[in-house]
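Me: I should like to learn how to read the features of a protein model. Where should one begin?

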Amino acid sequence: MLEVTFRHKFPGLALDVAFDAPGGVTALFGPSGCGKSTAINAIAGLMRPDQGRISLDGHVLFDDRTNLPPQARRIGCVFQDARLFPHMTVAANLRYPSRWRRGAARDFDRIVEMLALGPLLQRRPGTLSGGERQRTAIGRALLSDPALLVMDEPLAALDETRKTEIMPWLERLRDEIRLPILYVSHSVPEVLRLATTVVLMRQGRVIHSGPLTAILADPELAPQLGAREAGALIHATVEGPEADGMTRVTTAGGPMLLPDLNLAPGRVLRLRILAHEVILARAAPQGLSALNILPVTVTRVQDGLVQLALGTDQQHERMLAQITPRSVKALQLQPGSTCHAIVKSVSVLRS
Ligand SMILES: Nc1ncnc2c1ncn2[C@@H]1O[C@H](COP(=O)(O)OP(=O)(O)OP(=O)(O)O)[C@@H](O)[C@H]1O
């Protein structure tokens with residue numbers, strides 16, 4: 001667990017940052033200039049905040065008595081520009097951290113294989129594509145045997161094709177190596193696909209931090225990710241194909257049918273259901289073409305967004321429906337109202 005509290009004054013901005021990053025991917029999200037890179041630099045030891053305390057797994061990295069140098073912090077960094085040494089081969093770049101971290105060489109073959117870097121080892125960074133450079137930078141960061149990987153807009157300089165190429169590697173770091181990652185991004189699609197926790201920043205401050213799924217289904221916070229992004233991210237487990245080729249999945253709200261996914265039973269998916277794709281009915285609807293109708297309970301009504309708990313267990317997953325004030329009144333929706341959510345469209349984020 002990374003625990004961060006610090007203050008710092010730049011001429012144009014006073015930063016007062018406090019958040020915890022548990023395991024998984026923690027996304028630092030906020031508009032340009034809100035202080036994301038400054039937070040990353042303070043954590044990685046690349047700048048010294050005026051005051052504060054930063055610790056990683058209980059070890060103090062920075063406080064009023066301690067200020068560990070970057071290489072002593074067990075943090076691997078990947079930046080937008082890969083920052084590889086141009087005169088060294090990929091292999092030499094990858095071996096660089098073993099200068100100060102014993103044991104790094106031991107993992108060389110495993111990480112080269114994981115990131116498919118074998119064919120690139122003798123090349124120099126200037127001859128690599130942007131995606132290959134970023135993969136090398138990720139490999140070099142992993143070979144420093146980090147307890148935390150810090151990534152500052154690692155995909156921002158890549159085109160859509162290269163982004164799609166790198167994304168699965170990041171998912172493997174999250175799911176297979178289970179390395180905690182602090183991830184700075186402007187991109188909502190990246191945050192939706194990768195993050196487990198989100199830290200929302202504005203003008204040098206953290207305005208909220210918590211699980212991504214809770215933020216997306218919060219009528220007050222979801223619009224911070226962008227007005228069109230309000231909705232839900234719910235989890236579904238693949239059950240198997242139906243006779244007509246549709247894929248049957250189970251969710252906290254019951255079974256749903258998705259277009260043919262051709263995925264093995266048991267596979268867990270992230271489903272994105274946007275608030276404006278959900279219609280509410282008080283009685284079970286009959287004769288509808290919609291395939292996915294879930295029983296839900298209203299938990300909050302705010303600013304045209306209705307928060308819903310899926311299924312009967314109110315602790316379970318939440319989603320949002322965008323409803324006009326007139327409909328809220330007509331349906332007499334209030335916390336505790338039971339309804340049926342007609343889901344017009346679902347997108348699968350991980351396949
Ligand atoms: N060394 C510095 N000296 C003075 N001001 C600085 C310095 N570094 C950053 N700032 C200012 O601090 C603010 C936060 O910058 P920072 O780079 O952390 O923002 P950011 O959220 O990462 O932005 P972006 O998304 O555009 O990268 C900005 O107003 C920036 O101009």
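**Reading the ligand shell and the strands**

Reply: Please keep in mind that this is a predicted model. One may begin at the ligand: the largest share of the shell around it, three residues, comes from helix α1 (residues 36-44).

Me: Which residues surround the ligand?

Reply: The ligand is surrounded by F10, P11, G12, L13, G30, S32, G33, C34, G35, K36, S37 and T38. Sorted by class, this shell holds four nonpolar, seven polar and one charged residues.

Me: How many helices and strands does the chain have?

Reply: The chain has eight helices and 20 strands. Its radius of gyration is 23 Å, close to the 20 Å that the globule rule gives for 351 residues, so the chain is as compact as a globular protein of that length. Of these 351 residues, 39% count as buried.

Me: Which side chains of strand β12 are buried, and which are not?

Reply: In a regular strand the side chains alternate between the two faces of the sheet. Strand β12 (residues 247-251) shows this alternation: T247, V249 and T251 point to one face and are buried, whereas R248 and T250 point to the other and are not.

Me: Which strands are joined to β12 by bridges?

Reply: Strand β11 (residues 231-241) runs antiparallel to β12 and is joined to it by four bridges. Five bridges join β12 to strand β13 (residues 254-258), again antiparallel. R248 takes part in both pairings: its bridge partner in β11 is G240, and its partner in β13 is L257.

Me: How many residues lie between the strands of each hairpin?

Reply: The hairpin of β11 and β12 has five residues between its strands, and G245 in that turn has a positive phi of about 95°. The hairpin of β12 and β13 has two residues between its strands.

Methods:
Residues numbered from 1 in each chain as written. Predicted model: local features only at pLDDT ≥ 70, side-chain atom pairs only at ≥ 80, totals over all residues. Near = placed C-beta within 6 Å. Nonpolar A, V, L, I, M, F, W, Y, C, P; charged D, E, K, R; others polar. Rg over C-alpha atoms; globule rule 2.2 N^0.38 Å. Buried ≥ 20, exposed ≤ 12 C-beta atoms within 10 Å, placed from the backbone. Pairing = 2+ DSSP bridges.
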